[in-house]
Amino acid sequence: MKPALILALIPLPALADVPVIERAWLEGTTVNVTLSHPDEGWDHYADAWEVFGPDGTSLGIRELVHPHVDEQPFTRSLTLTEVPDGALTIRARCLVDGWGDTRAPVER
């Protein structure tokens, strides 16, 4: 078998399309997050983001209930009941690829 054919038969890992957190900022008790993601429609889109307190505790999840194919990047907000002192971070989720590994800081 030729080497090029052997390489063509080796499965490659799928590249995840997790949402990119373009910006996250706080206004009073409201967290605003701008995401970009190659939304394809109802079967593949950015479907949530989560905000964490300085100790890693989840402060809330903003569910995104529809794709944003023609609105990229897009911004959505979540009002918290209480905002702790210290650094807040955000992570984002895709319907297909799940939660991203990266947490982005929230600007105060």
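This report describes the fold, nonpolar core and salt bridges of a predicted model.

## Overall architecture

The protein contains one helix and eight strands, and the helix precedes the strands in the order α-β-β-β-β-β-β-β-β from the N terminus. Of its 108 residues, 38% are buried. Among contacts with a separation of 6 or more, 57% join residues 24 or more positions apart. The exposed surface amounts to about 6700 Å², of which carbon and sulfur atoms supply 55%.

## Nonpolar core

In soluble globular proteins, nonpolar side chains tend to be buried together. Here the largest nonpolar core comprises 18 residues. Ile 21, Val 31, Val 33, Leu 35, Trp 49, Val 51 and Ile 90 have the most contacts inside this core. At least two core residues come from each of strand 1 (20-27), strand 2 (30-36), strand 3 (46-52), strand 5 (74-79) and strand 6 (89-94).

Beyond its neighbours within four places in sequence, Val 51 touches several residues, including Val 31, Leu 59, Leu 78, Leu 88 and Ile 90.

## Salt bridges

The whole structure holds five salt bridges. In one of them, the closest N and O atoms of Glu 107 and Arg 23 are 3.2 Å apart. Glu 107 lies in the segment after strand 8 (104-105) and Arg 23 in strand 1, 84 residues apart. Glu 107 is partly exposed at 39% relative accessibility, and Arg 23 is partly exposed at 38%.

Arg 91 and Glu 50 form a salt bridge at 2.8 Å, N to O. Arg 91 belongs to strand 6 and Glu 50 to strand 3, so this pair ties together parts 41 residues apart in sequence. Glu 50 is buried, with a relative accessible area of 6%.

Glu 63 pairs with Arg 93 in a salt bridge at 3.0 Å between the closest N and O atoms, linking strand 4 (residues 58-63) to strand 6. Glu 63 is partly exposed at 40%, whereas Arg 93 is buried at 19%. Shared salt-bridge partners join Asp 47, Glu 63 and Arg 93 into one network.

Definitions and conventions. Residues are numbered from 1 along each chain as its sequence is written. This is a predicted model: local features need pLDDT of at least 70, side-chain atom pairs count only at pLDDT 80 or more; totals for chains, interfaces and linings use all residues. Side-chain values use heavy atoms; hydrogens and water are left out. A nonpolar core is a set of buried Ala, Val, Leu, Ile, Met, Phe, Trp, Tyr and Cys residues joined through side-chain atoms within 4.5 Å. Buried means under 20% relative accessible area, exposed over 50%, partly exposed in between (1.4 Å probe, protein chains only). Helices (H or I, at least four residues) and strands (E, at least two) are DSSP runs, numbered from the N terminus. Contact means heavy atoms within 4.5 Å. Accessible areas come from the Shrake-Rupley method with a 1.4 Å probe; for residues, only the protein chains shown count as cover. A salt bridge is a side-chain nitrogen of Lys or Arg within 4 Å of a carboxyl oxygen of Asp or Glu.
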